[in-house]
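Hi everyone, thanks for making time. I'd like to walk you through a structure that may be new to you, so let's put it up on the screen.

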Amino acid sequence: MVRILVVDDDRNTRKLFSEILAAEGYEVLSAANGVEALELMDTEQVHLAVVDVMMPEMDGLEFTKMLRQIGGDLPILMVSAKALSSDIKAGLRAGSDDYMTKPIDPEEMVLRVKALLRRFQISVEQKITVGDVVLDEQALTVSRGNEVVELPQKEFQLLYLLLSSPGRIFTRIQIMDAVWGEDSETGWETVTVHISRLRKHFADWDEFNIQSVRGLGYKATTNQ
């Protein structure tokens, strides 16, 4: 399921946005500022963020700039009561992908979210497209034209995690928590084994590859 992070220091706004997005079938997480959002993203997979500008500790502009500086390509919809042209330009320059002004129209927000997800090739239908390759979470398949590979659940979830955020480095701990669960007693060596199996499955597929990042973990890169 597509997971959206709502970052806003106002509790009522977080509740409203969460209800709007949940009604469309999205799973919604929330944070009160940029610091909380970054901490949450260390342990949770997020496909898109809806971010307020004016927040304590770390505002939306700082959060977006930091995310872009470390190479994060997470789609960001910035939402703010600041509606001047200069404010909108500042938000876009910081690295946001779209900008809405409060009070928001719920239908417009949903349309903008869907447009961003389409742009970044993530859909509520639980599919990811990488060039000619389609990952179908419901069927646990990876297909390319007439070629279809059906994977065991954990292998698929691992590949889906990596390809949901190409270029992002996932530590072994993050992978273990996301795929096997925080309470799992499985050792981190399991991640290495599953990575090896995925590499063998898709050794001849040029659309993507899985790279080891020494001392950190793994990331997927795409060749589109």
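**Cores and a sheet**

Let's start with one residue, Leu162. Not counting residues up to four places away in sequence, Leu162 touches Phe170, Ile195, Ile210, Tyr218, Lys219 and Ala220. Apart from the core we'll get to in a moment, there is another one, with 18 residues, and Met100, Val110, Val113 and Leu116 are among them. Keep in mind that this is a predicted model.

Okay, now the largest nonpolar core. It has 28 residues, and which of them touch the most other members? Those are Leu135, Val142, Leu151, Leu159, Leu162, Ile175 and Phe202, so to speak our old friend Leu162 again. At least two residues each come from strand 6 (127-130), strand 7 (133-136), helix 6 (153-164), helix 7 (172-180), helix 8 (189-201), strand 11 (208-213) and strand 12 (217-222). And which element gives the most to this core? That's helix 6, with seven residues.

On to the sheet. Here we have four strands in an open sheet, in the order 6-7-8-9, and the pairing is antiparallel. Strand 6 and strand 9 (147-150) sit at the edges, each pairing on one side only. On average, neighbouring strands here are turned by 15 degrees against each other, direction ignored.

Let's zoom in on one pair. Strand 6 and strand 7 run antiparallel, and four bridges join them. Who is the bridge partner of Ile128 in strand 7? It's Leu135, which we also met on that list of residues touching the most other members of the largest core.

Key
Residues are numbered from 1 along each chain as its sequence is written. This is a predicted model: local features need pLDDT of at least 70, side-chain atom pairs count only at pLDDT 80 or more; totals for chains, interfaces and linings use all residues. Side-chain values use heavy atoms; hydrogens and water are left out. A nonpolar core is a set of buried Ala, Val, Leu, Ile, Met, Phe, Trp, Tyr and Cys residues joined through side-chain atoms within 4.5 Å. Buried means under 20% relative accessible area, exposed over 50%, partly exposed in between (1.4 Å probe, protein chains only). Contact means heavy atoms within 4.5 Å. Two strands pair if DSSP finds at least two bridges between them. Axes are lines fitted to C-alpha atoms, for helices over the stretch in contact, and angles run from 0 to 180 degrees between N-to-C directions.
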